[in-house]
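The exercises below are to be worked with the sequence and the structure side by side. Each one sets a task and then gives a solution in steps.

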Amino acid sequence: MAQMGTRGQLLAFLTVLCSALMCKAVDIPDLLDRASQRSDKLHSLSNMLAKELESGFPTIARVTMPRPAMCHTSSLSTPNDKEQALQVSESTLISLARSLLKSWQDPVKVLSNSANSAPHLEGSLSNKLQELQEHSRNLEDGLDILSGKMGPAAQILSTLPYRGGDDLGQDKMSKLINFNFLLSCLRRDSHKIDSFLKVLRCRAANMQPNLC
C-alpha cells in the first residue's frame with residue numbers, strides 16, 4: 001500500500017512537472033490568453049458567491065460591516081479603472097496581479113474552512129469555495145511562469161499579509177459579517193486581477209495599447 005501511495009505521488013508530481021514544462025514552451029500571448037480565461041472564472045465565482053450571500057444579509061449586518069478601505073490589500077496602489085491601467089507598464093500590471101493573488105492564499109483557506117460553520121450559508125458554498133481555491137492556485141502557477149518570461153520587473157511582489165487569523169468571530173453575527181466582508185474584498189480584488197490580465201492580453205494581441 002505504501003508503494004502504491006508513493007507511486008501515486010510520483011505520478012502526480014510528474015503530471016505537474018510536465019504541465020509546467022509545456023507552459024514554459026508556450027509564448028506570452030498564449031499564456032496571457034489562458035491566464036485571462038482562468039481569472040475570468042475566478043472573478044465569476046467570487047462574484048456569484050458574494051451575490052448569493054448578499055440576498056440573505058441582515059440590514060444590521062450591512063451597517064456594521066467594515067468598509068472596503070479595511071481590506072488587507074488596500075495598501076497596494078492599483079489603477080482605478082481601465083484608462084489608468086492602460087497607462088501602466090506590462091511588468092507592473094503582472095506584478096500587481098501576482099501580488100493581489102498571492103495575498104489571498106491564506107484568506108481563501110479561511111473562507112473555505114469557515115463555510116460549513118457559518119450561519120445562513122447554503123451547503124453548496126463550500127464546494128464553490130474549493131473550486132475557487134483551485135482556480136486561484138492554477139492561476140498563480142501560470143502567472144509565476146508568465147512573469148519569468150517578462151523579466152525581473154514582472155517578478156517583483158508587494159507583501160500584503162493577512163492578519164485576520166483563522167477565526168472569523170465568536171458569535172454567529174460576527175462570523176456572518178466577517179465572512180461577507182472577506183468575500184467582498186475577494187470579489188473586488190479578483191475583478192482587479194481579471195481587468196489587469198485582460199488589458200495585458202489585449203496589448204499582446206494588438207500590439208497597440210490604444211486599441212484595448
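**Exercise 1. Decide whether Thr78 is buried or exposed, then place it and list its contacts.**

Step 1. The relative accessible area of Thr78 is 12%, and the residue is therefore buried, where buried means under 20% relative accessible area, exposed means over 50%, and partly exposed lies in between (1.4 Å probe, protein chains only).

Step 2. Thr78 sits in the loop between helix H3 (59–64) and helix H4 (82–85); helices here are DSSP runs (H or I, at least four residues) numbered from the N terminus.

Step 3. Leaving out residues up to four places away in sequence, Thr78 touches Gln84, Leu96, Lys192 and Phe196, a contact being heavy atoms within 4.5 Å.

Before going on, note how the values arise. This is a predicted model, in which local features need pLDDT of at least 70 and side-chain atom pairs count only at pLDDT 80 or more, while totals for chains, interfaces and linings use all residues. Residues are numbered from 1 along each chain as its sequence is written, and side-chain values use heavy atoms, with hydrogens and water left out.

**Exercise 2. Find which cysteines form the disulfide, and explain what the link ties together.**

Step 1. A search of the whole structure gives 1 disulfide, defined as a pair of cysteine sulfur atoms within 2.5 Å.

Step 2. The partners are Cys71 and Cys185, with an S to S distance of 1.9 Å, and the angle of -80° about the S-S bond makes their link left-handed.

Step 3. Because Cys71 belongs to the loop between H3 and H4 and Cys185 to helix H8, the pair ties together parts that are 114 residues apart in sequence.

Step 4. Both ends can be checked for accessibility: Cys71 is buried at 6%, and Cys185 is buried at 1%.

**Exercise 3. Work out what the salt bridges of Arg201, Glu140 and Glu134 connect.**

Step 1. The whole structure holds 11 salt bridges, each being a side-chain nitrogen of Lys or Arg within 4 Å of a carboxyl oxygen of Asp or Glu.

Step 2. Arg201 meets Asp33 at 3.4 Å, N to O. Since Arg201 lies in helix H8 (residues 172–206) and Asp33 in helix H2 (residues 28–54), this pair ties together parts 168 residues apart in sequence. Arg201 is partly exposed at 28%, and Asp33 is partly exposed at 30%.

Step 3. Glu140 pairs with Lys102, their closest N and O atoms being 2.8 Å apart. Glu140 lies in helix H7 (residues 125–150) and Lys102 in helix H5 (residues 90–102), so the parts that are tied together are 38 residues apart in sequence. Here Glu140 is buried at 9%, whereas Lys102 is partly exposed at 23%. A network of salt bridges links these two with Arg98 and Asp144.

Step 4. Glu134 and Arg137 have closest N and O atoms 2.6 Å apart; being 3 residues apart in helix H7, they are separated by about one helical turn.

**Exercise 4. Describe the lining of the largest cavity by residue and by class.**

Step 1. Leu42, Leu101, Trp104, Val108, Leu132, Ser136, Leu186 and Ile193 line the largest cavity, and H7 and H8 each supply at least two residues of this lining.

Step 2. Sorted by class, the lining has 7 nonpolar, 1 polar and no charged residues.

Terms used: On a 1 Å grid over the protein atoms alone, a cavity is a set of points where a 1.4 Å probe fits but cannot get out, and a pocket is an open set with protein on both sides within 12 Å along at least five of seven lines; lining residues have an atom within 4 Å of a point. Ala, Val, Leu, Ile, Met, Phe, Trp, Tyr, Cys and Pro count as nonpolar, Asp, Glu, Lys and Arg as charged, and the others, Gly among them, as polar.
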